[in-house]
Amino acid sequence: MAEGGDRGGQQAACGGHDSYRSPLACRYASPEMCFVFSERYKFRTWRQLWLWLAEAEQTLGLPITDEQIQEMKSNLDNIDFKMAAEEEKQLRHDVMAHVHTFGHCCPKAAAIIHLGATSCYVGDNTDLIILRNAFDLLLPKLARVISRLADFAKERADLPTLGFTHFQPAQLTTVGKRCCLWIQDLCMDLQNLKRVRDDLRFRGVKGTTGTQASFLQLFEGDDQKVEQLDKMVTEKAGFKRAFIITGQTYTRKVDIEVLSLLASLGASVHKICTDIRLLANLKEMEEPFEKQQIGSSAMPYKRNPMRSERCCSLARHLMTLIMDPLQTASVQWFERTLDDSANRRICLAEAFLTADTILNTLQNISEGLVVYPKVIERRIRQELPFMATENIIMAMVKAGGNRQDCHEKIRVLSQQAAAVVKQEGGDNDLIERVQADAYFSPIHSQLDHLLDPSSFTGRASQQVQRFLEEEVYPLLKPYESVMKVKAELRL
C-alpha cells in the first residue's frame, strides 16, 4: 500500500460529527503521522510480522509450505475490520481476534499463523516499528525548522536589538543572535532524537516471558536455530539489533526515553513561541498573518499570534505526557502486567501527533517571520542613552576629565531623564542634556559614535556566523534532500 494508506475515510475514522473526535488526529497532525498510528498500519504490520516469522521458521526447517507463505503475502492488506471487531468482542483479546481474522482469509496458512509467538511478538515489535517510522517523519521536519531559522538568523546577524533579562531592558544583542538561542536548543533536540531513533532495538522473537522456551521446543532444543530465528526476523524488520533480555515486553524504559525527548522538544518550542509572542506584543516581530485571517471577532484591528499560541498550548500537553511512561515503567510487575496497554495506546500516539503538529506549525511560522527594524530602532533609542553612560564616562576620562566628577554629573542627568520618561511619559532626553551641558563639550563630537548601536552588540554577528558554519549546517547536511518541502497547516 502506498504511504498514507486509505485516507479517504479519515473523517469517518474520526467519528463523524456526532461523537468525540481527537483534535490531534482530526484537526492538527499531518495525514502521514496519523497513518503511522492508524489501525490499518498497525494491523497490517501485525500480519507482516506473522509473515516474517513464518518465512524464517520455514527457512530453518519447520514444515511450512510455500503455498502457505504465498497465501499470507497475498492477504497482508485484506483486513476485515468488522470481523476483527466482532472476534475481539467475543474473545476479549485483540491479538487472537486478528489471528482468527487473518486465518479466515488464509485458510491454508491458518494453522501456522503466530506459531510459537506470544501477543507481544506482534504488539511490542509493531510499536517499535511505529516509533522508528514516527521518528523518521519528525526528524526531517525538525531539520527544516532549524534550516528556516538559520536562514533568518544569517540574514539578521548584524541587526541590533534590545536584549532582555528578567524581561527588563539589558545590553544589546542582534536579532540573528537571539534566533541562534532558539536554534541551539532545537539542534540539541535533533541530535537526541536521532540518537534514540538509531538506538531503538527490536524486541524480537522471545516467547511469553522472554526465555524463548516455545521456540526452543519447536526446534527440538536447537539453541542455534532459535538464535538464528531471532536474528532473521530482526533483520527482516530493518533493525540492527534486538534485545537480548526481555520479559514478556521490551523494557518500558524505552518509552520513557522516547517521550522524555519529545517533552524536551516541547519545552524548546514553547520557549521559542513564547519569545515570538512577547516580541509581537512589542511590535518588533510577528508570525505570518494571512490576508483573510481574522484576529478577533470583536476587535478587527487585532493581529493575534495564534500559531505561536497553538504551539505553546500543544507543547504544554506534550511535556505532561512524560508522566505516563514514567509511572507505567515503575509498576510493571516482574515479567509484565497488562496495565501498561491502554495507557500506551494513548500516550505514545498523542506524543508523536503533538510533536508533529508543533513542528509543522513552527515551520510555517519560521517561513514567514516579519521583523520591524524601525520599531526595534526606536526602542533602542529609548534605552541606549542609559547603557552608553559608562562609555561617556570613559571618553571623558580620556579627554582629561575626572572620573568621579563625571560619574556624578551623569548620575544627576540620568535621573532627570528618567523622571521625564516615567513621570511625564516623554522620550529619553539624556543625550540632549549631555549635549546641553558645557562640562561634556570635550566629547560632544564623539556622541554619535558612542551611541552607535552596533558598538554595543559585542561579537554577536561573528558568533552567529561561526555557530551556523560549525554546528548547524553540518548537522543539517543529511536532510538536504527534504529541505524544500513547505509546511502545510490543516487548520
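Phe334 is exposed in this predicted model, with a relative accessibility of 81%. Because the cut-off for exposed is over 50%, Phe334 at 81% falls in that class. The residue sits in the loop between α14 and α15. Helix α14 covers residues 323-330, and helix α15 covers residues 341-366. The backbone of Phe334 has a positive phi, near 50 degrees, in a residue other than glycine.

A positive phi also occurs at His114. There the angle is about 70 degrees, although His114 is not a glycine. His114 lies in the loop between α7 and α8. Helix α7 spans 94-105, and helix α8 spans 119-155. His114 counts as buried, because its relative accessibility is 13% and the cut-off for buried is under 20%. Phe334, in contrast, counts as exposed.

Ala117 is also placed in the loop between α7 and α8. Its relative accessibility is 16%, so Ala117 counts as buried. Outside its sequence neighbours up to four places away, Ala117 touches Leu53 and Phe215. Val205 is 88 residues from Ala117 along the chain. The C-alpha atoms of Ala117 and Val205 are nevertheless separated by 7.3 Å.

Arg47 belongs to helix α4, which runs over residues 39-59. This arginine counts as buried because its relative accessibility is 1%. Its contacts, leaving aside neighbours within four places in sequence, include Asn75, Leu76, Asn78, Ile79 and Asp80. Thr101, Phe102 and Cys105 are also in contact with Arg47. A polar atom of the Arg47 side chain lies 2.7 Å from the backbone oxygen of Asn75. Asn75 is thus a contact residue of Arg47 and also supplies a backbone oxygen at 2.7 Å from the arginine side chain. His98 is 51 residues from Arg47 along the chain. The C-alpha atoms of Arg47 and His98 are separated by 8.7 Å.

A charged residue of the opposite kind of side chain, Asp255, is considered next. Asp255 lies in helix α12, which spans residues 253-281. At 3% relative accessibility, this aspartate counts as buried. Beyond its neighbours within four places in sequence, Asp255 is in contact with Leu131, Tyr250 and Pro325. Arg344 and Leu348 are also in contact with Asp255. 

Internal space was examined as well. The structure holds three cavities of 30 Å³ or more. The largest cavity contains about 50 Å³ of space. Its lining includes Ala280, Glu286, Glu287 and Phe289. Arg303, Asn304 and Pro305 also line the largest cavity. By class, the lining has three nonpolar residues, one polar residue and three charged residues. Ala280, Phe289 and Pro305 are nonpolar, because Ala, Phe and Pro count as such. Glu286, Glu287 and Arg303 are charged, because Glu and Arg belong to that class. Asn304 is polar, because Asn is among the others.

One annotated span was also examined. UniProt lists residues 384-468 as "domain: Adenylosuccinate lyase C-terminal", in an unreviewed entry. In the model, this span is 65% helix and 0% strand. The end C-alpha atoms of residues 384-468 lie 29 Å apart.

Notes. Residues numbered from 1 in each chain as written. Predicted model: local features only at pLDDT ≥ 70, side-chain atom pairs only at ≥ 80, totals over all residues. Heavy atoms only, no water. Helix = DSSP H or I, 4+ residues; strand = E, 2+ residues; numbered from the N terminus. Buried < 20%, exposed > 50% of the residue type's maximum accessible area, 1.4 Å probe, protein only. Contact = heavy atoms within 4.5 Å. 1 Å grid on protein atoms, 1.4 Å probe; cavity = no way out; pocket = protein on both sides within 12 Å on 5 of 7 lines; lining within 4 Å. Points joined across faces, edges and corners; volume = space filled by probe spheres on them. UniProt positions renumbered as here; feature names shortened; annotations may be inferred. Polar contact = N/O pair within 3.5 Å; in protein donor to acceptor, adjacent residues only side chain to side chain.
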